[in-house]
Each structure stands twice: as structure tokens, then as C-alpha cells.
Amino acid sequence: MMANALLSLKGINKSFGPIDVLHDINLDIRAGEVLCLLGDNGAGKSTVIRLLSGVHRPSSGVIEIDGQPVSFKSPRDASEAGIATVHQFGGTFPLMSIGRSFFVGVEPTKGIGLFKIFDRKRANAIAVQAVQSFGITRITDGDRLVGGLSGGERQALAIARAVHFGARVLILDEPTAALGVKQAAHVLRIVNEAKRRGLAVIFITHQVMHAMAVGDHFAVLIRGGIAADFRKGERTREEITDLMAGGETMAGLEAQIEAESA
Ligand SMILES: Nc1ncnc2c1ncn2[C@@H]1O[C@H](COP(=O)(O)OP(=O)(O)OP(=O)(O)O)[C@@H](O)[C@H]1O
Ligand SMILES: [Mg+2]
């Protein structure tokens, strides 16, 4: 039997004025699983993420955590509920040191009273240890500036930080889009590690191979609705690719391009 959902979307609709962007989104996200949220440009993936991260509010429908309805008035509410969102470039602070950036915005009341007065050495040690625990052993100096890290390293830092401060849901909106093959593979390994530690991960990507490498559960958005919701192994790579292209077959698209150029 499958575990209960950690996070659920129930009948979510979202409009911006007259523009309906999401309709009737139902999704269950479980601890220790990676949900790949797929779909073509403009399908509504980032809008789903913005609802879950407290940036926007649903027009109707409910978000539940552990079966209890929640309502996020701000990104802070979502992060206090354990939902961490990591953006493409890690979203951290390029001009800060690794150690300093790790503790930005963390209130001393959250059980780290030691940092009421910022203790550089200790912060550096904790940050470096957290990043290394995700396999990034090249980072050894917490005084290095975040801006000097590679894209994959910044992602690793942001993910390690979220996990360290107790996130239960990790949301990654196209983390591998700007990365080379090796760095992307490393981010995928980190996604697996977060899953192994029991987080629920929501992973958005346009790269079907990346999705298939880490996904346990897949949901495909087409024009703001869930067009398919399936588990690992239930669809072939070709079927997933066609769904990601908005339901058109790649063969169909190729024929169309050929006809146009003839
Ligand atoms: N604040 C807004 N006001 C009006 N329309 C919006 C707003 N935010 C998003 N949209 C529209 O909602 C649709 C879905 O956008 P969204 O950013 O969620 O797509 P996406 O699936 O993340 O696409 P991509 O793969 O290109 O990132 C788009 O047509 C977009 O123009
Ligand atoms: Mg997007």
C-alpha cells in the first residue's frame, strides 16, 4: 500500500483576471518520492510551484499538508510549513560567503541560539559539512563567495541548506536547465539523496532523460490541466516525450516541419 500524501492539491484553479491558467489540479505528493512535473512552455508548471511556495494563492481549491488544509499568505508561511523552493541558479547570495549565506534569514528562535551573534567559523563548518554530505567534496572553505561557485554547486548549497533547516518538501524548478552533462548528473544525484532522506521532491524539467533518471511519479500539465498522472515504468520514453510536447507526437511535429519547408 502506498503511504499517505504529505502534500495534496485538491481541485485547484488559478486565474489571473480573465486568464485561466490552472484548472482542477489534483495531485498527491509523498515523502521519499520524486514527483516530476512535466509540460510544455506555458503549461502552468511554475504557477503550480508559486501556489505551493506561497507566492500566489489559488482562486479555488485546497492545498493540504498531512491531510490538513493550509493557506499560505506569503513565501514565509510556505517555508515555515516545510516547503523549500530552489530556483535555477540556487537563489543564494553571490556576494556572501558560503557560511554566511547558509544562515541568512534563519531566526535564532529556531533552535540555533548560538547564531544570535554570528559565529563565522562555526557557520562555515556547518555549511561545508552540509554541502559535503550531499557529495560535493570540492567545497572545503566556507569563506569562499557563493558567486564563485559553479551552477551545480550553488544548487547543491541551496538544497543542503533547505534540508539542514528541516524542509519536508523540496521544489526544484528546472534545476538542470543551464547545467552541463556532468553538473546535471550531480544535481540528479543530490535529488536522489534528498529523496533517500525522506523528503518529498517536486522536480520540474524539460529533459525527459533527467525526469526518467529520478522520477517515481510523473504528472504532465497540458494547457493548465493534468493530462496524465502515472508512476515509474507505466509509460515509455516516447510516450512521455509526446505528452511533454503538449500531446502532439514528435513524428507529427517532424512531418509538419517537413511539409512547411517543402
Ligand atoms: N501573473 C500572471 N498573470 C497572467 N498570466 C500569467 C501569470 N503568471 C503566469 N501566467 C500565464 O500562465 C501560463 C502558465 O505559465 P507558467 O509560468 O506556469 O508556465 P510553465 O509551465 O512554467 O512554462 P515554462 O516551461 O516556460 O517555464 C502562461 O500562459 C503564462 O503567461
Ligand atoms: Mg516555468
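Leaving aside its neighbours within four places in sequence, which residues is leucine 170 in contact with? In this predicted model, the partners of leucine 170 are Ala84, Val86, Ile159, Ala162, Ala194, Leu199 and Val201. That list is a good place to start a tour, so let us follow it outwards.

Leu170 belongs to the largest nonpolar core, a set of 71 residues. Leu170 is also among the residues with the most contacts inside this core, together with Ile159, Val169, Ile171, Val191, Val201 and Phe203. Helix α5, spanning residues 151-164, supplies the largest share of the core, with seven residues.

Now look at the strand that carries Leu170. Strand β7 covers residues 169-173, and five of its five residues are buried. Val169, Ile171 and Asp173 point one way from β7, while Leu170 and Leu172 point the other way. Even with these opposite directions, all of them are buried, Asp173 included.

Next come the strands that pair with β7. Strand β6, residues 83-86, runs parallel to β7 and is joined to it by four bridges. If you want a spot to find this pairing on screen, valine 86 stands opposite leucine 172. Strand β8, residues 200-204, also pairs with β7 in the parallel sense, here over five bridges. A handy marker for this second pairing is alanine 200 in β8, the bridge partner of valine 169. Helix α6, residues 181-196, joins β7 and β8 in a β-α-β unit, and this unit is right-handed.

From here, let us move to the ligand. Ligand 1 is surrounded by Phe16, Ile19, Val21, Gly39, Asn41, Gly42, Ala43, Gly44, Lys45, Ser46 and Thr47. Two elements give two or more residues to this shell: β2 (19-29) and α1 (45-52). Of the elements, α1 gives the most, with three residues. By character, the shell divides into four nonpolar residues, six polar ones and one charged.

Our last stop is helix α8, which spans residues 237-244. Which of its residues are buried? They are Ile240, Asp242, Leu243 and Met244. The buried residues of α8 pack against several elements: the strands β3 (34-39), β9 (217-222) and β10 (225-231), and the helices α7 (208-214) and α9 (250-261). After α8 comes glycine 246, with a positive phi near 85 degrees.

Technical notes:
Residues numbered from 1 in each chain as written. Chains lettered and ligands numbered in written order. Predicted model: local features only at pLDDT ≥ 70, side-chain atom pairs only at ≥ 80, totals over all residues. Core = buried A, V, L, I, M, F, W, Y, C linked by C-beta atoms within 7 Å. Buried ≥ 20, exposed ≤ 12 C-beta atoms within 10 Å, placed from the backbone. Contact = placed C-beta atoms within 7 Å. Pairing = 2+ DSSP bridges. Right-handed = clockwise from strand over helix to strand, strands pointing away. Near = placed C-beta within 6 Å. Nonpolar A, V, L, I, M, F, W, Y, C, P; charged D, E, K, R; others polar.
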